[in-house]
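Please open the model in your viewer, with the sequence beside it, and keep the selection tool ready. We shall go from one selection to the next, and at each stop I shall say what is there.

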Amino acid sequence: MARFLLDDGTGVILRPLRPSDREAFLGAFRKLSDRSCYLRFHKLDPRLRERDIAYLTTVDQVDHVALAVFAPSGGIALGRFVRLPEEPATADLTLTVVDGWQRRGIAKLLLAALMARARSVGITSFTASVLDENRPARTMMAAIAAPLRREGSSWLYRLPTDPALLHPGPVADALARRDAELARRFTPNG
Ligand SMILES: CC(C)(COP(=O)(O)OP(=O)(O)OC[C@H]1O[C@@H](n2cnc3c(N)ncnc32)[C@H](O)[C@@H]1OP(=O)(O)O)[C@@H](O)C(=O)NCCC(=O)NCCS
């Protein structure tokens, strides 16, 4: 667990998701707009079934890793990766930041932390499926990686988990800065 400052000086806590975070998870989910929910889950029905909640909150932090960001008001963001059984050095990545906290650098903090954790468990690349219409996520992915292919209404991106191998630019630079900070201050098992 560690406290990080966002670009605007706000302090947030980053730590692995715990089994006891079920209520915080549901609280953050309720703060998501239908639009963000749709962009995250690629479906219009925003309800989570009990089995979805169990799956999303029961993680082993090796093959299924979830890191959460907290403000004093509660959970505000969650990033996760799930190792692909058929390609164990690759994991599928998702990022969710609740609407009121978007555009403050939280996705970059989470992505840098997930990349560091991934490297420590032998994962060298992430895939991420992003809806064509998801301008924020596509802008972020396009800044650091090329899309692998189109899949229906989504684009599949593949990005290395080593920030030094990302497409150079301001987003890669920000990830590299967070990576250095995380190496000094964050224990992903804590
Ligand atoms: C996509 C999402 C995770 C980005 O989170 P965020 O904390 O707002 O992102 P950050 O502030 O760290 O910005 C990271 C980069 O994303 C891009 N970006 C974010 N919001 C953007 C927007 N509204 N328009 C254009 N680009 C945007 C930029 O490249 C930005 O880098 P910059 O700040 O150097 O320009 C967030 O919008 C979200 O949770 N959306 C709903 C769920 C979702 O779409 N998840 C992605 C599926 S994997």
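Which residues touch the most other members of the largest nonpolar core? Before selecting them, please note that this is a predicted model, in which local features need pLDDT of at least 70 and side-chain atom pairs count only at pLDDT 80 or more, while totals for chains, interfaces and linings use all residues. Residues are numbered from 1 along each chain as its sequence is written.

**First stop: the core**

Select Leu 67, Ala 77, Leu 110, Ala 113 and Leu 114, which touch the most other members among the 49 residues of the largest nonpolar core. A nonpolar core here is a set of buried Ala, Val, Leu, Ile, Met, Phe, Trp, Tyr and Cys residues joined through C-beta atoms within 7 Å. A residue is called buried if 20 or more other C-beta atoms lie within 10 Å of its own, exposed if 12 or fewer, and partly exposed in between, with the C-beta atoms placed from the backbone. The element that gives the most to this core is α4, with eleven residues. Helices (H or I, at least four residues) and strands (E, at least two) are DSSP runs, numbered from the N terminus.

Now keep Leu 114 and add Val 65, Leu 67, Gly 79, Phe 81 and Leu 93, which Leu 114 touches when residues up to four places away in sequence are not counted. Such a contact means that the C-beta atoms of two residues, placed from the backbone, lie within 7 Å. In soluble globular proteins, nonpolar side chains tend to be buried together.

**Second stop: the sheet**

Next, select the strands, and you will find an open sheet of eight strands with mixed pairing, in the order β1-β2-β3-β4-β5-β6-β8-β7. Its edge strands are β1 (2-5) and β7 (147-151), each of which pairs on one side only. Two strands pair if DSSP finds at least two bridges between them. From one strand to the next the twist averages 25°, where axes are lines fitted to C-alpha atoms, for helices over the stretch in contact, and angles run from 0 to 180 degrees between N-to-C directions.

Begin at β1, which four bridges join to β2 in an antiparallel arrangement, and look for Leu 5, whose bridge partner in β2 is Gly 11. The hairpin of β1 and β2 has five residues between the strands, and in this hairpin Gly 9 takes a positive phi near 90°. Moving on, strand β2 (residues 11-16) is joined to β3 by four bridges, and these two strands also run antiparallel; here Pro 16 stands opposite Leu 67 in β3, and Leu 67 is one of the core residues that you selected earlier.

**Third stop: strand β4 and its partners**

Is strand β4 (residues 74-84) largely enclosed or largely open? Eight of its eleven residues are buried, so β4 is largely enclosed by the rest of the structure. Select strand β3 (residues 64-71) together with β4, since eight bridges join these antiparallel strands, and a hairpin connects them through two residues. Ala 71 has Gly 74 in β4 as its bridge partner. Then add strand β5 (residues 87-97), which runs antiparallel to β4 and is joined to β4 by eight bridges; Arg 83 stands opposite Ala 91 in β5, and a hairpin of two residues leads from β4 to β5.

**Fourth stop: helix α6**

Select helix α6 (residues 170-185), whose 16 residues should span 22 Å at 1.5 Å a residue, and whose end C-alpha atoms are 22 Å apart, which agrees. The expected span is 1.5 Å times one less than the number of residues. Colour Val 171, Leu 175, Arg 178 and Leu 182, the buried residues of α6. They cover an arc of only 65° around the axis, which puts them on the same side of α6; the arc is that of the directions from the helix axis to the C-beta atoms. What covers these buried residues includes α4 (106-120) and α5 (135-144), whereas Pro 170, Asp 173, Ala 180, Ala 183 and Arg 184 are exposed on the other side of α6.

**Last stop: two loop residues**

Finally, select His 42, which lies in the loop between α2 (34-41) and α3 (50-57) and has a positive phi of about 60° although it is not a glycine. Most residues other than glycine have a negative phi. Gln 61, in the loop between α3 and β3, also has a positive phi, near 60°.
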